[in-house]
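Trainee: I have a new model open on my screen and would like to talk it through with you. Could we take it piece by piece?

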Amino acid sequence: MAKTVDDYIAQADRWRDEIARLRAILLDVGLDETVKWGSPCYTLDGRNVVGIGAFKSCFGLWFCQGALLADPAKRLVNAQPGKTRAMRQWRMQSAADIRPRLVRQYASEAAELAARGREIRPRRRPAASLPPELEAALGADNAARTAFDKLTPGRRREFAEFIAGAKRAETRERRVARALPLIREGRGLNDRYRS
């Protein structure tokens, strides 16, 4: 993962010049530059405003609160409909797609919204209902129950969905057996993938 934007650009297999052009435009808007999630991110007073991303088939911008932007040129898309409420992407496939004046306009509007504190907050998911197999195992193991109750709601949901997602009873039981040691240790199911 890149530690600086210069590293990010140097490591890019494609779109180096295009990323550098977008970077210059965003810095011209007066945003602070940092790296978050391994990609260039531009902030205002600590609030994420816009980021740059490069992929195999495209590069572009992601606006953290893009759903609030006016989007007069109809450039923004929701990359994950039904999942992402606020973020919007502006996908580009060549240097010709970079419209400096329009990029500056969108980034300035996003910065203004951030300065005013405007945001779409994520919806809180309801607490996960525990599958009967997990409920029974926790009922029989006080240490596991205590540790489970101390886990964050997201980690409890991960375990519940992991076990409930199995179609066969045997698979659910194997998953419970796999989950209990992690629960007793106070670890989440996917902690090993988190940094």
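**Salt bridges, strands and a helix**

Mentor: Happily. This is a predicted model, and a good place to begin is arginine 168, which forms a salt bridge with glutamate 170, their closest N and O atoms being 3.2 Å apart.

Trainee: Is arginine 168 in that pair buried or exposed?

Mentor: The cut-off to keep in mind is that exposed means over 50% relative accessible area. Its partner, glutamate 170, has 43% and is partly exposed. Arginine 168 has a relative accessibility of 53%, so it counts as exposed.

Trainee: How many salt bridges does a search of the whole structure find?

Mentor: Besides the pair we began with, arginine 187 and glutamate 185 meet through their side chains at 2.6 Å, N to O. There is also a network of salt bridges that links Asp6, Arg23 and Glu33. Over the whole structure, the search finds 12.

Trainee: Which residue forms a salt bridge with aspartate 149?

Mentor: Look within helix α5, residues 142-150, where the two partners lie four residues apart, about one turn of the helix. An α-helix has 3.6 residues a turn, so residues three or four places apart point the same way. Aspartate 149 is partly exposed at 45% relative accessible area, and its partner is partly exposed too, at 23% relative accessibility. With the closest N and O atoms 3.5 Å apart, that partner is arginine 145.

Trainee: Let's turn to a charged residue in another helix. What side chain does glutamate 133 join in a polar contact?

Mentor: Glutamate 133 sits in helix α4, residues 132-140, and it is buried, with a relative accessible area of 15%. Leaving aside residues up to four places away in sequence, it touches Arg172, Glu173 and Val176. The polar contact, at 2.8 Å, is with the side chain of arginine 172.

Trainee: Arginine 88 is buried yet has no salt bridge, so how far away is the nearest side chain of opposite charge?

Mentor: Side chains of opposite charge can pair when their charged atoms come close. For a salt bridge, the nitrogen and the carboxyl oxygen must be within 4 Å. The nearest candidate for arginine 88 is aspartate 71, and its distance is 7.3 Å.

Trainee: Which backbone oxygen does the side chain of arginine 88 reach?

Mentor: Arginine 88 lies in strand β6, residues 88-92. Not counting residues up to four places away in sequence, it touches several others, including Leu61, Trp62, Phe63, Leu76 and Val77. The backbone oxygen that its side chain reaches, at 3.3 Å, is that of arginine 85.

Trainee: Which residue is the bridge partner of tryptophan 62 in β6?

Mentor: Strands β4 and β6 run antiparallel and are joined by five bridges. One of the positions is glycine 60, which stands opposite arginine 91. For tryptophan 62, the bridge partner is glutamine 89.

Trainee: And which residue of β5 stands opposite glutamine 89?

Mentor: β5 and β6 also pair in the antiparallel sense, over two bridges. β6 is mostly covered, with four of its five residues buried. Opposite glutamine 89 stands valine 77.

Trainee: How many residues of β4 are buried?

Mentor: Phe59, Leu61 and Phe63 point one way from β4, Gly60 and Trp62 point the other way, and all are buried. The strand is therefore largely enclosed by the rest of the structure, and the count is five of the five.

Trainee: Which residue stands opposite glycine 60 on the β3 side?

Mentor: A hairpin joins β3 to β4 through four residues. The two strands pair in the antiparallel sense over five bridges. The residue opposite glycine 60 is glycine 53.

Trainee: One last element: how far apart are the end C-alpha atoms of helix α3?

Mentor: Helix α3 covers residues 100-115, and among its buried residues are Leu102, Tyr106, Ala110 and Leu113. What covers those buried residues includes α2, β2, β3, β4, β5 and β6. At 1.5 Å a residue, its 16 residues should span 22 Å, and this agrees with the distance between the end C-alpha atoms, 22 Å.

Trainee: What phi does glycine 117 take?

Mentor: Glycine 117 comes just after α3. The sign of its phi is positive, and the value is about 80°.

Methods. Residues numbered from 1 in each chain as written. Predicted model: local features only at pLDDT ≥ 70, side-chain atom pairs only at ≥ 80, totals over all residues. Heavy atoms only, no water. Buried < 20%, exposed > 50% of the residue type's maximum accessible area, 1.4 Å probe, protein only. Lys, Arg positive; Asp, Glu negative; His and termini not counted. Polar contact = N/O pair within 3.5 Å; in protein donor to acceptor, adjacent residues only side chain to side chain. Contact = heavy atoms within 4.5 Å. Expected span 1.5 Å × (residues − 1). Pairing = 2+ DSSP bridges.
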